[in-house]
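Colleague: Mind walking me through this one? I'd like to hear how the labels get decided.

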Amino acid sequence: MGRLEYTLTNDDYVAFNRYAAKSSPMILAQSHRIRTTGTLAAAVMAAVVFWFLSREPFTALLMTAAAAGVMWFIWPAIQRRAVNVQLNQLARAGDLGRLGETVLTWDERGITEAATASQAVVGWERVRRVEESGQHLYVFTGDLEALIVPKRAGAGVAELARFTQGKLAAG
């Protein structure tokens with residue numbers, strides 16, 4: 001049986017949500033759809049406006065391509081900023097999850113996360129995957145749900161990752 005003790009903070013939840021926004025196939029697909037739709041909308045608006053302003057096909061075509069290109073290339077920065085603004089607002093407004101002193105244990109049956117006034121028990125059959133960022137280990141139990149384990153908890157984080165990977169590989 002393994003055991004880790006650490007303190008979960010809003011910053012840990014913000015980090016998880018930023019990670020999910022950059023790595024979740026579902027969120028990435030939605031972002032791609034919005035980027036494509038936004039680019040097409042910018043192109044259509046530019047075509048209409050510049051056609052009415054100039055009545056010159058070459059100018060309208062050039063400005064349409066420019067508007068579409070600008071939208072396509074600035075979208076990732078716009079999305080990143082929007083995600084960061086929303087997460088920071090949520091973090092300022094209140095707690096984003098189970099915060100405070102946390103004890104995480106794991107054994108052959110599963111993982112238990114005991115935090116202040118709450119507890120989560122996860123059987124291995126619920127664990128879908130394990131991913132790491134520079135500062136965290138994420139034990140995913142759903143597409144956008146994970147146990148968040150800060151690497152500042154110590155060397156046991158690597159042990160948890162190996163144990164969990166072994167359980168996933170065993171099926």
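Modeller: Sure, let's start with a helix pair: helix 1 and helix 3 (residues 57-93) pack with their axes 10 Å apart, at an angle of about 155 degrees. Axes are lines fitted to C-alpha atoms, for helices over the stretch in contact, and angles run from 0 to 180 degrees between N-to-C directions. This is a predicted model, where local features need pLDDT of at least 70 and side-chain atom pairs 80 or more, while totals for chains, interfaces and linings use all residues. Residues are numbered from 1 along each chain, and side-chain values use heavy atoms, without hydrogens or water.

Colleague: Why are helix 1 and helix 3 called roughly antiparallel?

Modeller: Angles over 145 degrees count as roughly antiparallel (under 35 is roughly parallel, 65 to 115 roughly perpendicular, the rest oblique). Theirs is about 155 degrees, so the label fits.

Colleague: Which residues of helix 1 and helix 3 make the contact?

Modeller: Contact means heavy atoms within 4.5 Å. Among them are Val14 and Ala21 of helix 1, and Val83 and Leu87 of helix 3.

Colleague: What makes strand 3 and strand 4 a pair?

Modeller: Two strands pair if DSSP finds at least two bridges between them. Strand 3 (residues 110-115) and strand 4 have six, and run antiparallel, so they pass. Glu113 stands opposite Ala120 in strand 4.

Colleague: And how are the strands of the open sheet ordered?

Modeller: Its four strands go 1-2-3-4, with antiparallel pairing. Strand 1 (2-8) and strand 4 (118-123) each have a single partner strand, so they stand at the edges. From one strand to the next, the twist averages 15 degrees.

Terms used:
Helices (H or I, at least four residues) and strands (E, at least two) are DSSP runs, numbered from the N terminus.
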